[in-house]
Amino acid sequence: MNWLKRISFKKNRALKWLYFTINIACAHLVGKPLILCFHRVKTPSGSLLDRRIGVTKPGDLKEVIRFLRMAGYQFVPLERLAQMIEEGNFLKVAAVTFDDGLNDLYENAFPIMKKYSVPFTCFMITSLIDSTKLLWLHKLYISWDKIDRSVRNNIIRDYIEVDDNMQSDDMVAGFVVHSLDDNSLEKLATRLSEIAKINREDEEDIARDLYLSSEAIEEMQANGLTIELHGHNHWPLTKLSEEETRQEMETPLMIIREKFKSSARFFALPYGKLNPYLNDIGRQLGIRGIFTIQGRLITKHNKDLYSLPRFCIDDDVQAFYRALSAEFIKYIAAKFSKN
């Protein structure tokens with residue numbers, strides 16, 4: 001069904017509403033559980049930070065919630081959805097998750113979740129909570145936009161050779177993040193921030209605006225939020241040793257338990273990628289489920305909870321409707337082919 005994903009709704013509102021209708025009809029026929037994944041909820045700025053992390057407009061978040069309710073979906077806490085899967089009850093329920101833990105979750109998404117009485121989960125990068133320092137990744141992206149491309153590329157080449165065929169900043173940034181080790185990434189981010197003239201005071205101001213406070217988290221906890229794990233420093237797991245992987249999972253567990261009196265049981269993969277140690281360490285630490293960013297419906301093949309798919313929604317919300325249509329049609333075709 002790849003042809004469905006290539007159709008652009010932005011150019012044809014009729015197609016948008018066609019697939020909107022297809023989804024609602026299919027959901028009433030073969031509704032299956034699904035999980036939504038959001039990152040930032042705000043008006044997209046066009047910055048590298050927004051492009052790389054992923055941004056959903058507040059109006060699109062409302063639209064998706066209303067659409068799923070029209071399709072007959074019931075929103076449930078992630079814990080309840082996991083329990084239903086383990087019990088073999090693949091009913092028409094949806095869970096809403098947000099990754100990272102940035103302040104726009106509180107400012108823009110929380111009022112919507114509260115208005116529609118939707119329970120929600122934040123997979124938290126725990127080093128961000130109350131932080132006045134930028135995470136290495138955010139420092140890298142924010143500094144990136146402030147430096148002339150030729151100057152920036154010369155600096156990057158001190159750490160890694162970049163293919164000249166990579167024309168876009170997004171491609172180069174992704175290559176850098178997933179190719180360098182954590183020590184080199186921190187050094188590069190620091191060096192770029194110095195060239196960008198982001199001083200300590202600037203960094204504190206940016207971090208306070210960007211990251212969630214404990215008070216905001218506690219207020220959301222009292223109104224439907226559950227806190228789960230997304231690592232402490234959001235390192236690409238593919239670059240970590242077994243001990244580093246354990247630390248990246250164990251540290252958030254302790255922070256969430258001590259600061260928010262909550263026992264985290266689920267882990268969302270940073271960048272959607274795992275390593276050979278993660279599953280074993282997760283089981284040792286009592287992690288109940290691990291979440292990917294694969295856009296699929298949940299079926300009986302996901303019953304072990306260690307590779308649960310999520311539909312990630314960004315500023316092209318129509319991509320979600322296309323992907324969901326493809327999933328529904330694929331499932332219906334498979335069902336009829338067995339008959």
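**Exercises on a predicted model**

Let's start with charge: the protein carries 47 positive and 45 negative side chains, and the centres of the two sets sit 9 Å apart. Here Lys and Arg count as positive and Asp and Glu as negative, with His and the chain ends not counted; a charge is placed at NZ of Lys, CZ of Arg, CG of Asp or CD of Glu. This is a predicted model, so local features need pLDDT of at least 70 and side-chain atom pairs count only at pLDDT 80 or more, while totals for chains, interfaces and linings use all residues. Residues are numbered from 1 along each chain as its sequence is written, and side-chain values use heavy atoms, with hydrogens and water left out.

**Exercise 1. Work out whether the radius of gyration of the protein agrees with that of a compact globule.**

Step 1: take the rule, 2.2 Å times the number of residues to the power 0.38, with the radius taken over C-alpha atoms.
Step 2: for 339 residues, that puts a compact globule near 20 Å; the protein has 20 Å, so the two agree.
Step 3: for the outline, the C-alpha atoms fill a box of roughly 60 × 45 × 40 Å along the principal axes.

**Exercise 2. Place Glu63, decide whether Glu63 is buried or exposed, and find a polar partner.**

Step 1: look in helix α4, residues 58–70. Helices are DSSP runs (H or I, at least four residues) and strands likewise (E, at least two), numbered from the N terminus.
Step 2: Glu63 has 15% relative accessibility, so Glu63 counts as buried. The cut-offs are under 20% relative accessible area for buried, over 50% for exposed and partly exposed in between (1.4 Å probe, protein chains only).
Step 3: the side chains of Glu63 and Tyr321 make a polar contact of 2.7 Å. That term means a pair of N or O atoms within 3.5 Å; within protein, one must be able to donate a hydrogen and the other to accept it, and residues adjacent in sequence count only if both atoms are side-chain atoms.
Step 4: setting aside neighbours within four places in sequence, Glu63 is in contact (heavy atoms within 4.5 Å) with Lys16, Val317, Gln318 and Tyr321.

**Exercise 3. Describe the surroundings of Ser143.**

Step 1: find Ser143 in helix α7, residues 136–144.
Step 2: the relative accessible area is 0%, so Ser143 is buried.
Step 3: the Ser143 side chain reaches the backbone nitrogen of Ser193 at 3.4 Å.
Step 4: not counting residues up to four places away in sequence, Ser143 touches Ala189, Leu192, Ser193, Ala196 and Ile198.
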